[in-house]
Amino acid sequence: MGKRALVLGGGAPNFTLMSGALLALHRAGVTFDLVYMAGAGGVIGLVYLAPKGLTTDQALQNTMNYGISDQIYSMVPINYKLFNKGGPAAEAFRDAWTSLPQVQAAMHQFGMTNEQKLAADWLLFQGAMMCPNDVNYFNTGVCAHVPFIEGVVDFDKLKTAPDHALNAYCIEDHQVVEFWRPNLDIHHFRAALAFPYIYPPYRIDDKTYYEGAAFDSLNLMGAMERPEYKDIIDTVVVFDIVKPNVIHRPRNLWDAYAQSIMVPLVANAEKELAIFKHWVETGSIVKMPPKQVPEEWHALFNNQEDPKPPQIKVFTLNFDNIPESYQPYMLEWSRSNLETLFGLGYEAGRTFLNAHGPYI
């Protein structure tokens, strides 16, 4: 029997679309032999594969708590949980601050009421405001490297999880590379999310890395070309959240900044999906016997002189249920936005299962 792969691409605050959809698939008993990740998809993939202190179900729901309570976000629209001040003084302050029991409790919000979450976010906001800032002209990023991940991912458990890979861009080699199990650790995660200007490039041994999603938003073809998977993967499910619907006329300067990050991610994802579809349509990636191919796939080959069905089934979860009126607000880090997108993602996952469940 062939292997089933999941592709979790880059994104921003709309990443809870992925965690909501993945929860729907998880509750339906859908499993994956390979989880292929880029950017924010790495966060969702790792908490799914190796949650720390929570069940998989709880860990995916907990991604909504990565946002900021609306009462605070409406005044200061910055996610101070994920974007920390950089520099030695800031790091020393955070080490002392996060050692306090009440701060540690505030950082783990699963199971709290909305009132408790607001109080916890307010305490964390005070710490973010008190934290010193050493950033200057000679720094290569304005924030410290991605925090919090060691509190939600069990990296020891990750070594025995289903196979997985997270991409990054190697500056010295000028190419996208993949970090694979069992070597993927917290350092590889930080390297894979070192987005230019926001986070400094991350050094591992003699190489330096930027976020892979900044170059290949999905890195969809990588797993297909890996020798041990090239001939045995027969189903690929792609969660595509970096779609043109996140691009809109900005409402203010902060929103325009968010757009500047998302525009290249969207363009890259669109190109990757088009190339991958071409590979499938031309039979470059094919393995499945024709009798296992869903009927709708045959229509793709009607215009070919020598039509042949794809051997790999590729399904894209498109999240087409997001109301057009809501799309301009998808890049906000408010808790209500993350909760709304999570619900829409879960709904999209259920719709996807109803349509394609028998084929995956």
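Q: Which side chain does R251 meet in a salt bridge?

A: The model is a predicted one. A salt bridge is read from the distance between a side-chain nitrogen of Lys or Arg and a carboxyl oxygen of Asp or Glu, which must be within 4 Å. Here R251 meets E332, with N and O 2.7 Å apart. The two residues lie in distant parts of the chain, 81 residues apart. R251 is in the loop between β7 (233-239) and α13, and E332 is in the loop between β8 (313-317) and α15 (335-356).

Q: Are R251 and E332 buried or exposed, or something in between?

A: Partly exposed is the class between under 20% and over 50% relative accessible area. R251 has 36% and is therefore partly exposed. E332, at 21%, also counts as partly exposed.

Q: How many salt bridges does the structure hold?

A: There are 9 salt bridges in the structure. One of them pairs R27 with D57, where the closest N and O atoms are 2.7 Å apart. R27 belongs to helix α1 (residues 16-27) and D57 to helix α3 (residues 56-62), so this pair ties together parts 30 residues apart in sequence. R27 itself is partly exposed, at 45% relative accessibility.

Q: Where do D163 and R181 lie, the two ends of another such pair?

A: D163 is in strand β3 (residues 163-170), and R181 is in the loop between β4 (175-180) and α10 (186-192). The separation along the chain is 18 residues. Their side chains form a salt bridge at 3.5 Å, N to O. D163 counts as buried because its relative accessibility is 14%, whereas R181, at 29%, is partly exposed.

Q: Which residues are linked with R335 in a network of salt bridges?

A: A network is read by following the links from one charged residue to the next. In this case K81, D121 and R335 are linked. R335 is found in helix α15 and is buried, with 5% relative accessibility.

Q: What polar contacts does the side chain of R335 make?

A: A polar contact is a pair of N or O atoms, and the side chain of R335 makes one with the side chain of D121 at 2.7 Å. Another, at 2.8 Å, joins R335 to the side chain of Q109. Beyond its neighbours within four places in sequence, R335 is in contact with residues including M64, N65, S69, D70, K81 and K117.

Q: How does one read an arginine such as R203, and is it buried or exposed?

A: One takes its accessibility, then its contacts. R203 is exposed, at 51% relative accessible area, and lies in strand β5 (residues 202-204). Its side chain makes a polar contact with the side chain of T208 at 3.0 Å and reaches the backbone oxygen of D205 at 3.4 Å. Leaving out residues up to four places away in sequence, R203 touches E172 and T208. From R190, R203 is 13 residues away in sequence and 9.4 Å away in space, C-alpha to C-alpha.

Q: Which residues of the largest nonpolar core touch the most other members?

A: Nonpolar side chains in soluble globular proteins tend to be buried together. In this model the largest nonpolar core has 109 residues, and F32, V236, F239 and F319 touch the most other members. Helix α13 (residues 253-281) gives this core its largest share, 8 residues. Setting aside neighbours within four places in sequence, F319 is in contact with L17, M18, A21, F239, D240, I241, G345 and A348.

Q: How many residues of helix α2 are buried?

A: To read how enclosed a helix is, one counts its buried residues. In α2 (residues 40-49), 10 of the 10 residues are buried, so the helix is largely enclosed by the rest of the structure. Among them are V43, I44, L46, V47, Y48 and L49.

Q: Which residues make a nonpolar patch on the surface?

A: A patch is read by joining nonpolar side chains that are left accessible. I78, Y197, W254 and Y257 make one of about 420 Å². I78 is in the loop between α4 (70-73) and α5 (88-97). With a relative accessible area of 38%, I78 counts as partly exposed.

Note on methods
Residues numbered from 1 in each chain as written. Predicted model: local features only at pLDDT ≥ 70, side-chain atom pairs only at ≥ 80, totals over all residues. Heavy atoms only, no water. Patch = residues over 30% accessible without salt bridge, like charges linked within 9 Å, V, L, I, M, F, W, Y side chains within 5 Å. Areas by Shrake-Rupley, 256 points an atom, 1.4 Å probe, with all protein chains shown as cover. Helix = DSSP H or I, 4+ residues; strand = E, 2+ residues; numbered from the N terminus. Buried < 20%, exposed > 50% of the residue type's maximum accessible area, 1.4 Å probe, protein only. Core = buried A, V, L, I, M, F, W, Y, C linked by side-chain atoms within 4.5 Å. Contact = heavy atoms within 4.5 Å. Polar contact = N/O pair within 3.5 Å; in protein donor to acceptor, adjacent residues only side chain to side chain.
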